[in-house]
Each structure stands twice: as structure tokens, then as C-alpha cells.
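Thanks, everyone. Let me put today's structure on the screen, and then I'll walk you through it.

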Amino acid sequence: MTTDYSLLEIPLAINLAAVFVGALVGTLRAGEEDHVDLVGMFTLAAVMGFGGGLVRDILLGNLPPAAFRDPSYLLAAGIATVIAAVSLVYLRRVERALWVLDSLAIGLFACVGANAALLAGLQLLPSVLIGACASIGGLILADMLQGRPSSIMYVGPPNAIAGFAGALVYAITYTLERPFLAVVLAVLVTVAMRVSGRLFHLTIPQPRRRAYELRLRRPRRSAERPHLTVPTANRRWRRLTRQHGPTEPSASE
């Protein structure tokens, strides 16, 4: 059974708001470095804002990317850079709120990426992978620009799994009658996974690096077993008896 997919049209205002929030998160990352100037801050803001969309369009051959066809995306990243340049200290105070909003944006980008892949004729699993790349592509590019190990490759919050889960939920629950419901469910799943990972310190399990060992029950050591101690004089008497035969102890003994 095949499903007909229609274009998931997200209003431009919501798209720009998501890009703006992601760009603000990028400026906070730039503020962590002591030697980053305004150009570097704008670069990270743009990458975190619409880097995932660039990855999505390049993978699907949708060139030039949508972020370059409409200057509003660059304008949103520029406004975020100006705000952060004059109020970086205050932005750090609302970092948690921005993180939650960024989780909403990640879920939204996962839906848009999966929808674009399905419209391009891809099957379910490749479409979900495209959606996951669209949701975390900006994070990967930002790590590369800052010379950091990619956060999705090491132990940490389940960012990649959250984006993958959001895209998977969208691709499975999508119907022409209620496409909005699929988007809401996908975004909720993405936010729930990211928030639970941060609140409860949940991480992706690591591979086992040790061989499985069969542990057998070992006998208890002699020192651990209760035993009776023999007086030293009796031990000496038995030793003499074995060597020289039984003798009568002297009166002095």
C-alpha cells in the first residue's frame, strides 16, 4: 500500500522563528570561545540556524538551497548575532528556555526534512535518515567549525536519536487528512527525548569493550573457614612422638 504525500508547507514566519532560535543558540556557543569575533559569531549563528536545511537540500539535490534563495534566513541569523553581541550575558540567563525552543525547532526541521525526502520518492528509512540529518546537521557543522569532536559521536544527550525519532514518527503517522497531527506528534516526541535526556542524564549505551566472563563460585579460602587452633606445645609433642616413638614426659614437664 502506497501513501501519497503532499508538500509540508510550514509558514515562513514559523520557519524564520525556528532559524532565529537556532541562531541564538549558535551565538551562545560562540560566546564560549574567548577569541571569536562578530564574523565568527554570525557564522555559527547561521550554521546552527539553517545548517540542517543546507544538508537536507544538498543530499536531495535541491540546489541552490532554500536558505540562499530567500534572504530572510540570513537576515534572521544576522539579527540574532546583533542581539547576542550586545546582550550575551543576558542570553546566558535564559539559556534553558532557548534550549527548549531549540528542541522544538529540531523536531520541526526533522518533519520538514522527512517530508522533502518522501516527496523526492525515497523510501521510509532513507527519508527518516534525511530528516534526522536535517535536524542535527547544524550541530555537526558547528562542531566542525569550532574544531570540537562531534557531539553525536560521543556520550551525551540523545540529540541524534531524538531527531531520528521525530522523523520516524512523522513518516509513520503522516496522512493527507491530518498532516498537522503528524507534525505535532513528531515534535512532541523529539522534545520529550531531548528534555528527558537532559533532566535524567540519559545517554546512549556504549559498546562493550571487555570479553564476557563466566564467573564460577570459588571455594572459600582456608583463612575464611573457621578452624580450631592447636596449642604449640601439643604440636611439638606430636612431632617428637612421630620421630622418636612414644615417650613419657618428665616430671619437670
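I'll go from the overall fold to the core, then to two helix pairs and a few single residues.

First, a caution: this is a predicted model. Please keep that in mind throughout.

Start with the fold. The protein chain has nine helices and zero strands. Read from the N terminus, the order of elements is α-α-α-α-α-α-α-α-α. The chain counts 253 residues, and 36% of them are buried. Now the contacts. Take pairs at least 6 apart in sequence: 74% of those contacts join residues at least 24 apart.

Next, the core. In soluble globular proteins, nonpolar side chains tend to be buried together. Here, the largest nonpolar core holds 44 residues. Which of them touch the most other members? They are Val19, Phe50, Leu91, Leu98, Tyr170 and Val183. Seven helices give two or more residues each: α1 (12-31), α2 (38-60), α4 (72-93), α5 (95-119), α6 (124-145), α7 (159-173) and α8 (179-199). The largest share comes from α5, with nine residues.

Now the first helix pair, α1 with α4. Their axes come within 8 Å and cross at roughly 45°. Parallel or oblique? Angles under 35 degrees would count as roughly parallel, so at this angle α1 is oblique to α4. The crossing of α1 past α4 is right-handed. On the α1 side, the contact includes Leu12, Leu16, Val19, Phe20 and Leu24. On the α4 side, Tyr73, Ile79, Ile83, Leu88, Leu91 and Arg92 are among the residues involved. Sorted by class, this contact has 16 nonpolar residues, five polar and one charged. Notice Val19 and Leu91. Both sit in this contact, and both are on the list of core residues that touch the most other members.

Second pair, α6 with α7. These pack at an angle of about 140°, and their axes are 8 Å apart. Antiparallel or oblique? Roughly antiparallel needs an angle over 145 degrees, so α6 and α7 are oblique to each other. Again, the crossing is right-handed as α6 passes α7. From α6, the contact takes in Leu124, Leu125, Val128, Gly131 and Ser135, among others. From α7, Asn159, Gly163, Phe164 and Leu168 are among the partners. By class, there are twelve nonpolar residues, four polar and no charged ones.

On to single residues. Arg194 is in helix α8. Is this arginine buried or exposed? Relative accessibility for Arg194 is 6%, so the residue counts as buried. What does Arg194 touch? Setting aside residues up to four places away in sequence, its contacts are Trp99, Asp102, Ser103, Ile106, Asn159 and Ala162. Asn159 came up a moment ago, in the contact of α7 with α6.

Helix α8 also carries Leu181. At 40% relative accessibility, Leu181 counts as partly exposed. Look back along the chain to Tyr170, eleven residues away: the two C-alpha atoms are 8.9 Å apart. Tyr170 is another name from the core list.

Last stop, the backbone. Most peptide bonds are trans. Which bond here is cis? One such bond runs from Leu63 to Pro64, with omega near -10°. Pro64 belongs to the loop between α2 and α3 (66-69).

That's the tour. Over to you for discussion.

Terms used:
Residues numbered from 1 in each chain as written. Predicted model: local features only at pLDDT ≥ 70, side-chain atom pairs only at ≥ 80, totals over all residues. Heavy atoms only, no water. Core = buried A, V, L, I, M, F, W, Y, C linked by side-chain atoms within 4.5 Å. Buried < 20%, exposed > 50% of the residue type's maximum accessible area, 1.4 Å probe, protein only. Helix = DSSP H or I, 4+ residues; strand = E, 2+ residues; numbered from the N terminus. Axes fitted to C-alpha atoms, helices over the stretch in contact; angles between N-to-C directions. Parallel < 35°, antiparallel > 145°, perpendicular 65-115°, else oblique. Left-handed = near helix turned anticlockwise from the far one by under 90°. Contact = heavy atoms within 4.5 Å. Nonpolar A, V, L, I, M, F, W, Y, C, P; charged D, E, K, R; others polar.
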